[in-house]
Amino acid sequence: MIETSFADGIYELALCAPPVNEIGEPMLAALEKFLAELDVDRAKALIIYSKLESGFCAGADLREFYAALVAERDIEKRMQGIGRFIDRIHVVMNRLDSLPLTTIGAIHGTCFGGGFELALTCDILIADKSARFCFPELRLGLLPGFGGIPRLKRDVGNGVVRDLLLTGRSLNAKKAQTIGLVSQMVAQGRHIDAARAAARQATRFDADATRTTKAFMKPIPYAELEQEKAHFKRLALSPVTEAALKKFVESKDLRPYLP
């Protein structure tokens with residue numbers, strides 16, 4: 001699912017689960033293990049990127065999600081299963097968001113749904129020209145459930161948030177940089193090099209100063225995140241979502257949730 005390394009105060013977390021690093025139970029467990037073992041006393045920066053040519057992350061593993069839904073017909077047990085997974089993913093996302101070090105997302109290709117939500121936990125996003133950002137969840141009768149709306153609202157203007165969510169359209173890297181979502185746009189294939197350069201710069205600073213500054217300028221919207229979880233759990237139980245997921249699973253298109 002992932003590969004990790006640590007050198008000179010910098011952790012690297014590489015996603016490497018074909019086809020596009022979908023976040024299901026195996027990926028979630030791998031991220032939980034990484035965070036449990038991460039030594040924040042030795043680290044000053046973390047880079048998250050994908051080793052796959054296809055992109056950063058396509059989002060939640062919808063096939064796994066659909067299989068879990070249809071396997072359990074009892075509504076109360078369905079709700080409990082969805083709740084457990086969503087609670088776990090929020091613990092991971094909040095932990096990444098609040099790490100007392102500089103986190104850098106190096107993005108290329110597909111960065112959709114839950115992958116976009118993972119990217120939004122990072123302090124700095126660097127994208128190559130191939131990157132595209134999208135929240136397609138409304139096409140499935142859902143809203144982002146991994147913390148996407150509160151974190152996106154924290155980073156960009158409400159007009160952009162409404163456009164992305166309510167149309168399902170994607171942003172390219174140039175537009176993402178223009179609106180301030182991405183701090184650097186680089187040539188295709190150069191995003192990891194740029195992220196490593198930024199990480200080396202970050203290691204030069206006092207850890208306490210970095211931790212204090214980050215906590216001050218990047219508050220975590222916990223109350224809104226809890227509301228988002230509740231909305232996601234309700235919508236995930238609707239017949240509309242089950243039908244949309246069935247269509248997704250049975251589709252032969254590469255990206256059946258896009259127009």
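Here are two short exercises with worked solutions on helix packing and a sheet.

This is a predicted model, in which local features need pLDDT of at least 70, side-chain atom pairs count only at pLDDT 80 or more, and totals for chains, interfaces and linings use all residues. Residues are numbered from 1 along each chain as its sequence is written, and side-chain values use heavy atoms, leaving out hydrogens and water.

**Exercise 1.** Describe how helix H5 packs with helix H6.

*Solution.* Start with the elements: helices (H or I, at least four residues) and strands (E, at least two) are DSSP runs, numbered from the N terminus. H5 covers residues 148-155 and H6 covers residues 158-167.

Next, take the geometry. The angle is about 145° and the axes are 8 Å apart; axes are lines fitted to C-alpha atoms, for helices over the stretch in contact, and angles run from 0 to 180 degrees between N-to-C directions.

Finally, look at the contact (heavy atoms within 4.5 Å). Ile149, Leu152 and Lys153 of H5 meet Asn158, Val161, Leu164 and Leu165 of H6.

**Exercise 2.** Work out the strand order of the open sheet, and find its edges.

*Solution.* First, the order: the 4 strands run E4-E6-E8-E9, with mixed pairing. Two strands pair if DSSP finds at least two bridges between them.

Second, the edges. Strand E4 (55-57) and strand E9 (170-172) each pair on one side only.

Third, one pairing: E8 (residues 132-134) and E9 run antiparallel, joined by 3 bridges. Cys134 has Ser170 in E9 as its bridge partner.

Last, add a neighbour: helix H4 (residues 113-120) lies across E4, E6 (110-112) and E8, at about 90° to E6.
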